[in-house]
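Visitor: I would like to go through the salt bridges of this model. Where should we begin?

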Amino acid sequence: MKAKPVLQVQNLRTYYKILRGYVRAVENVSFDVKQGEALGLAGESGCGKTTIALSILKILPPGGFIAGGKILVDGINIPALDEYEMRMNVRWKKIAIIFQGAMNALNPVYRISEQIVEAITLHEPGVEVSEARERAMKLFELVGIEPSRIDNYPHEFSGGMRQRAMIAMALACNPKLLIADEPGTALDVIVQAQVLKLMKELKEKLNLSMIMITHDLSIITETCERTAIMYAGKIVELGTVKTIFKEPLHPYTQGLIGAFPELKAPRMRMVSIPGSPPDLLRPPPGCRFHPRCPYAMEICKTKDPEFINLGKEHFVACHLVQKK
Ligand code: SF4
C-alpha cells in the first residue's frame, strides 16, 4: 500500500519584492512528502531550496510572499492560514525546522531547558511546566544527550551537542514533518556523520517525514529515499535517490553529479558547470538553464519545458528528454 503524503506542494510560487521588482525565487514547484519518507532538496546556493522551507512554515523574511499555489498539510492549505493559526496549529505541532548553525538558532542567554519548555507550553497551553520539563529530558535522552545537561546554556555544549539539542527542540511537539536546512553545515565531518545517523534513526523510530535541504549530494544519498534537484527556482528533476544518481536525465542534474567527487572512482579532474545561475529578478525565457546547457536547442530559448512524469516516480523538465 502506498504511504499517504504528509505534505503536498502544488505549483508553489514565492517571490521577494525589492525596489527593482520581484525576485522570482520559487516558480511553479510541485512535490509531495510521504509518511516516514525523507526527501532531499538539492541545488546550488540561491536556487530556492530554503525559500521553499520558509514558505511551508510561512516565515518568509520581509518582502517575501507566496504568490500562488497550494501547500497542503493534513488537508489544510497553509497559504490560507493567518499567523495565529500557523502558530497554534501548524508550526512545531505539524511541521518543525532545524536551521543551519545551531548556535545562531538557540538563544545564548537562556538555558536549553527553558527554551524547550517554552516551545512546549506556548504551543500546547494545557501542559504544565513540570510536565514540559520532563518531556524535554526524555527528548534529550532520545537524541543521545545526558538528561542532566538540560539546564546548561548553549555555549556549554559542543557544536554536535548543540545540533542534537536543536533536534530535540524541533521534536518537542511531536511534528509529523521535520525540515532540516543544511543540518551538517558548520560541523566537522565526524560530528556531521553522527548527527545524520541520529536523524536517520529518529526517522525510523518515530516514522517521521523529512525534507533534507542541502547542496551536499552525499548527505542526500545517506539519508533520503527520493530527491528533487532545483535550478533557478524550479525543480528540474525528481525521483528516487537511486534513479537520480544512477540515471540522471536532466543536463543540470548530470552536471551537478559530475561535479561531485566519488570516493571509490579513479582519480580524475572534476568538471564544473560553466557559467553561473541567472538573476531571478529577470530569469531567462524558456528553460532557465539554457544559457549554461551544452545541449540547448532553439525551443529551449523560448518554451519552458513541462515537468513530466516518466513513470516509477521519475519526473523531469527538459525538452531533450521529451523529444526522445
Ligand atoms: Fe538543456 Fe533545453 Fe533541457 Fe533546458 S530544456 S536542460 S536547455 S536541453
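Visitor: Is Arg226 buried or exposed?

Guide: This is a predicted model. The cut-off for buried is under 20% relative accessible area. Arg226 has 4% relative accessibility, so Arg226 counts as buried.

Visitor: Which residue forms a salt bridge with Arg226 at 3.0 Å between the closest N and O atoms?

Guide: The partner sits in strand E2 (residues 21–34), while Arg226 is in strand E9 (residues 226–231). The two are 194 residues apart. With a relative accessible area of 25%, the partner is partly exposed. The residue is Asp32.

Visitor: How many residues apart in sequence are the parts that Glu37 and Arg226 tie together?

Guide: Glu37 and Arg226 form a salt bridge, at 2.5 Å from N to O. Both residues are buried. Glu37 lies in the loop between E2 and strand E3 (38–42), and Arg226 in strand E9, so the pair ties together parts whose separation is 189 residues.

Visitor: Lys301 forms a salt bridge with Glu298; how far apart are the closest N and O atoms?

Guide: Lys301 is partly exposed, with a relative accessible area of 37%. Glu298 counts as exposed, at 59% relative accessibility. Their closest N and O atoms are apart by 3.2 Å.

Visitor: Which residues do salt bridges that share partners join into one network?

Guide: Side chains of opposite charge can pair when their charged atoms come close. Here, shared partners link the salt bridges into one network. Its members are Arg24, Glu27 and Arg288.

Visitor: What does the count of salt bridges come to?

Guide: The cut-off is a nitrogen-to-oxygen distance within 4 Å. By this rule, the count of salt bridges is 16.

Key:
Residues are numbered from 1 along each chain as its sequence is written. This is a predicted model: local features need pLDDT of at least 70, side-chain atom pairs count only at pLDDT 80 or more; totals for chains, interfaces and linings use all residues. Side-chain values use heavy atoms; hydrogens and water are left out. A salt bridge is a side-chain nitrogen of Lys or Arg within 4 Å of a carboxyl oxygen of Asp or Glu. Helices (H or I, at least four residues) and strands (E, at least two) are DSSP runs, numbered from the N terminus. Buried means under 20% relative accessible area, exposed over 50%, partly exposed in between (1.4 Å probe, protein chains only).
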